[in-house]
Amino acid sequence: MTTLNSTPRADGFRMPAEWEPHSQTWMVWPERPDNWRLGGKPAQAAFAAVARAIAEFEPVSIGVSAGQYENAQARLDHPNIRLLEISTDDAWVRDTGPTFVINNAGEVRGVDWTFNAWGGFNGGLYWPWLRDDEVARKILQVERCKRYRTEGFVLEGGAIHVDGEGTLITTEECLLNQNRNPHLSREQIETMLREQLSIDTVIWLPDGLYNDETDGHVDNFCCYVRPGEVLLAWTDDQNDPNYSRCQAAMRVLEAARDAKGRQLVVHKIPVPAAIHATQEECDGVDIAEGAQEREPSIRLAGSYVNFLIVNGGIIAPKFDDPMDAEAEAILARLFPEHRVVMVPGREILLGGGNIHCITQQQPAPQGR
Ligand code: KQY
């Protein structure tokens, strides 16, 4: 495979918006017993439901370990789903997979960020993470895509959202966290984003959602729905720990101008009522040093923003919550050209994320 010493910007490549056409979506099969309860069996059913929902709109490729290959094959038998044997540490391909970039001549390449399991030895969620750090390279190799490697620069795909027109949204809580790139200033981090993704403007929200174990990934809190318009998780309940986070994000978004000079339209989507794991659910997770603590008193960072845009569809989580119907209606209104499919998200949330976190879209070549 070719690893390039230049940058995507210098070579005329940019990160497209998620709503631009995809050739496929990537996933990884869950099995890690200190993250997924009962050896990952309930999570595997949840991931399979997500894969099948996506496969109605576009092809899905799923990385799976040798030990799980036969089981996954049996559970994922679908003409639009293929399995590839890939060794991983866990199943969060949004963060371990490449961030694909495209040019106008029909080429797709990938940025392979350094991955440190959301914080390395300063709050990271497992060790070792080497196999996960190699996922992006392996995917790019399978796809015969050229690779840019940001050796030593830590970033996860869930920490960024772009509009495809030069603007990126992230959070200070994550990207300025001392456990990601403590040797770099905000300006130096912006320079990396400019060079690797062809970004001109970075919008920094102060924090992500309360108790997000990724240190506040933006993809669980705020996303683009089209250029100039974002969707923000929201609560009006002053007793909700998310209240001040939502207010602070709104202040930044209202004051922001994007790379095209636009003021943003900010749409709101309610957060579901507080979600907690049951004692039984917690008891099903293996105990391991350094793993995220699983305990019923801990509120999980449930969010409807953690959805994936696919070709003609929106694949969004539902939580058996009274807000599910409202969330679906908001997504249907904001994406009139897409079909909204709500898939159970609780089991994925128990592992620490949701649908956007477990998927990585691969853009289709453009402009040939
Ligand atoms: O949400 C994500 N992007 C990753 C969450 C990782 C949780 C590990 N327990």
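Two strands count as paired if DSSP finds at least two bridges between them. In this predicted model, strand β9 (residues 167–171) clears that bar with β10, the two running in the parallel sense over five bridges. Within this pair, Ile169 sits opposite Ile203 of β10. Two helices pack on the sheet here. Helix α8 (residues 186–197) touches both β9 and β10, and its direction makes about 130° with that of β10. Helix α9 (residues 243–255) also touches β9 and β10, this time with an angle of about 155° to the direction of β10.

Zooming out a little, the sheet itself is open and has three strands, ordered β8-β9-β10, with mixed pairing. Its edges are β8 (161–162) and β10 (201–205), each of which pairs on one side only.

Just ahead of α8 in the chain there is a loop worth a look. Arg180 lies in this loop, between α7 (172–175) and α8. Is Arg180 buried or exposed? Its relative accessibility is 4%, and since buried means under 20%, Arg180 counts as buried. Its side chain has polar partners to go with that: one polar contact, at 2.8 Å, is with the side chain of Glu156, and another, also given as 2.8 Å, joins it to the side chain of Asn179. Leaving aside residues up to four places away in sequence, Arg180 touches a mixed set of neighbours, including Asn116, Trp118, Val154, Cys174 and Asp215. His217 is also among the residues touched by Arg180, and a polar side-chain atom of His217 lies 3.5 Å from a nitrogen atom of the ligand.

That leads to the ligand site. There are 13 residues around the ligand, of which Asn35, Asp95, Glu213, Gly351 and Cys357 come nearest. For Asp95, a polar side-chain atom lies 2.7 Å from a ligand nitrogen atom. Gly351 works through its backbone instead, with an N or O atom 3.0 Å from a nitrogen atom of the ligand.

Finally, helix α2 (residues 41–55) makes for a quick geometry check. At 1.5 Å a residue, its 15 residues should span 21 Å, and the end C-alpha atoms are indeed 21 Å apart, so the two values agree. The helix is mostly covered, with 11 of its 15 residues buried. Among the buried ones are Pro42, Gln44, Phe47, Val50 and Ile54, along with several alanines such as Ala43, Ala46 and Ala55.

Definitions and conventions. Residues are numbered from 1 along each chain as its sequence is written. This is a predicted model: local features need pLDDT of at least 70, side-chain atom pairs count only at pLDDT 80 or more; totals for chains, interfaces and linings use all residues. Side-chain values use heavy atoms; hydrogens and water are left out. Helices (H or I, at least four residues) and strands (E, at least two) are DSSP runs, numbered from the N terminus. Contact means heavy atoms within 4.5 Å. Axes are lines fitted to C-alpha atoms, for helices over the stretch in contact, and angles run from 0 to 180 degrees between N-to-C directions. The expected span of a helix is 1.5 Å times one less than its number of residues. Buried means under 20% relative accessible area, exposed over 50%, partly exposed in between (1.4 Å probe, protein chains only). A residue is near a molecule or strand if one of its heavy atoms lies within 4 Å of it. A polar contact is a pair of N or O atoms within 3.5 Å; within protein, one must be able to donate a hydrogen and the other to accept it, and residues adjacent in sequence count only if both atoms are side-chain atoms.
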